[in-house]
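User: Could you take me through one part of this protein in some detail? I'd like to hear about a pocket and whatever sits around it.

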Amino acid sequence: MEPLTILGGGPAGLAVAYYAHQARIPFVLYESAEEVGGLCRTYEFGDHQYDSGAHRFHDRNPEITRDVRSIVELHPVTSPSRVFTEGRFLDFPPTPLNLLLSSSPLEWGRIGLDLWRGRRVKRVGPSFQEFAVSRFGQRLAERFLLGYSAKVWGLPSDQLSVDVATRRLDGISFRTLLLELACPRKKAKHLDGHFLYPRKGFGEISKALHASLPSEWVQTGFTITGLEFRDQSIRRIYFASGRAIDVRGHVVSTIPLPLLVSLLERYLDDSVRSAARSLRFRHVRLVFLRLVIPRVSNNASIYFPDTQMCISRISEPKNRSEALAPPHETSLVAEVPCSDGDSLFLLSEESLKDRVVAEITRTGLIRSTDVADWRHHFLPYAYPTYSLNYRQALSEVLEGLQAISNLTTLGRNGRFFYSHMHDQLFMAKEFVSRFNAQSA
């Protein structure tokens with residue numbers, strides 16, 4: 001059977017390896033870091049564990065959920081999220097009644113009128129801002145969506161594609177506002193505070209996938225520096241160590257798409273290289289704070305749409321699993337999006353920590369004296385930036401790569417597709433099933 005060479009040991013690469021092993025397909029996986037897991041890892045700091053972000057496993061695909069539960073135990077968690085906006089903490093996604101009770105009568109009227117007007121809009125333009133305003137009205141869009149999206153993706157909301165649209169506010173409409181005002185106990189079914197989670201952190205999923213594989217088939221510390229293209233196929237891979245390997249079968253790349261193109265650029269047209277350079281990713285700087293208090297809140301995540309704040313989101317690991325912190329302490333994990341060369345990208349670790357602590361302190365959640373220790377992590381290629389013209393550029397890149405007969409790209413980075421763990425597993429399983437059928 002034709003073997004697989006997998007580039008990248010994040011969730012997508014591990015998923016391909018897992019399903020290939022289940023199907024008895026030989027493979028070898030190369031990961032540049034010393035550990036696999038990519039953006040889905042759990043770190044340790046003394047008695048604390050914390051994830052590389054506010055991860056949750058959603059039971060969106062029963063088949064994939066069964067697969068994950070066969071290798072790691074998942075526990076149901078009920079922990080709602082909140083948003084800090086205009087000096088207040090509100091449910092997030094916000095319930096219509098919560099919005100009304102936290103607003104003045106004049107504000108009620110503005111929100112209701114905005115939602116009613118939105119129902120009359122038949123067509124909207126291609127930008128996320130136009131979509132959000134037509135769907136939820138100017139006031140709600142500004143308070144919950146526009147600033148936050150601009151902060152996370154690094155572009156003004158009128159320069160973002162409608163593809164960044166979120167389902168988080170799907171339960172809000174003119175009808176649900178009236179319904180909850182008349183019947184406060186009859187909540188609209190849009191508040192999603194329920195998810196699945198491993199007891200010892202989200203990274204347990206990556207660890208379980210890795211543990212199920214033959215150790216000699218997973219190679220870490222292998223940074224790819226070049227790909228050799230011959231006879232319409234990738235035939236050789238070069239590594240920073242000076243080592244090179246011949247490719248006998250199919251290559252599955254889960255590394256960032258622009259990086260893959262740069263490794264193949266002398267074999268691709270100028271238009272493909274130019275399109276790949278226009279595909280940008282947003283990085284995340286992660287700041288972990290060890291706190292000498294038993295708990296900060298009961299929330300899974302708290303969002304900060306204010307563009308004057310560098311933090312986009314904080315999470316409290318203990319609210320996902322009590323095992324992630326000792327009883328007398330807790331922790332917070334703050335996410336700070338940044339792009340190559342911007343002020344947040346260049347800020348020193350110490351200065352970033354000080355700014356993060358100051359911002360959280362101003363919300364009233366903690367005091368600066370509660371912080372006993374901290375740690376910093378840099379997470380590259382965290383979010384693909386969906387600019388207005390990204391679809392055209394992405395299509396051109398993927399079409400250019402189709403000329404390589406033994407190459408498939410998968411995953412969030414490999415397909416420039418904002419997706420989650422269950423998506424990565426599903427795409428990997430489908431690919432392995434097709435590959436197995438074609439190789440039989």
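Analyst: Sure, and let's start with what counts as a pocket. On a 1 Å grid over the protein atoms alone, a pocket is an open set of points where a 1.4 Å probe fits, with protein on both sides within 12 Å along at least five of seven lines, and a lining residue has an atom within 4 Å of a point. Rolling a probe the size of a water molecule over the atoms shows where empty space is left.

A quick word on the source: this is a predicted model, where local features need pLDDT of at least 70 and side-chain atom pairs count only at pLDDT 80 or more, while totals for chains, interfaces and linings use all residues. Residues are numbered from 1 along each chain as its sequence is written, and side-chain values use heavy atoms, with hydrogens and water left out.

Now to the second largest pocket. Its lining has 21 residues, and those nearest the centre are Arg277, Leu279, Arg280, Phe281 and Asp340. The space in the second largest pocket is about 460 Å³, where a volume is the space filled by probe spheres set on grid points joined across faces, edges and corners. Helix 8 (257-263), helix 9 (270-277) and strand 14 (281-291) each give two or more residues to the lining; helices (H or I, at least four residues) and strands (E, at least two) are DSSP runs, numbered from the N terminus. Chemically, the lining is a mix of eight nonpolar, seven polar and six charged residues. Here Ala, Val, Leu, Ile, Met, Phe, Trp, Tyr, Cys and Pro count as nonpolar, Asp, Glu, Lys and Arg as charged, and the others, Gly among them, as polar.

Let's look at helix 9 next. Its buried residues are Val272, Arg273, Ala275 and Ala276. They sit on the same side of helix 9, because they cover an arc of only 165 degrees around the axis, the arc being that of the directions from the helix axis to the C-beta atoms. Asp270 and Arg277, on the other side of helix 9, are exposed. For these labels, buried means under 20% relative accessible area, exposed over 50%, and partly exposed in between (1.4 Å probe, protein chains only).

Strand 14 leads us on to strand 17. These two run antiparallel and are joined by nine bridges, with Phe288 partnered with Val333 of strand 17. Two strands pair if DSSP finds at least two bridges between them. Strand 17 also pairs with strand 16 (residues 313-315), again in the antiparallel sense, over three bridges, and there Ile314 stands opposite Ala334.

How buried is strand 17 (residues 330-338)? Nine of its nine residues are buried, so strand 17 is largely enclosed by the rest of the structure. Thr330, Leu332, Ala334, Val336 and Cys338 point one way, Ser331, Val333, Glu335 and Pro337 point the other way, and all are buried.

That brings up the cysteines. Cys338 is buried at a relative accessible area of 0%, and Cys310 is buried too, at 2%. If you were wondering about disulfides (a pair of cysteine sulfur atoms within 2.5 Å), the count by this rule is zero.
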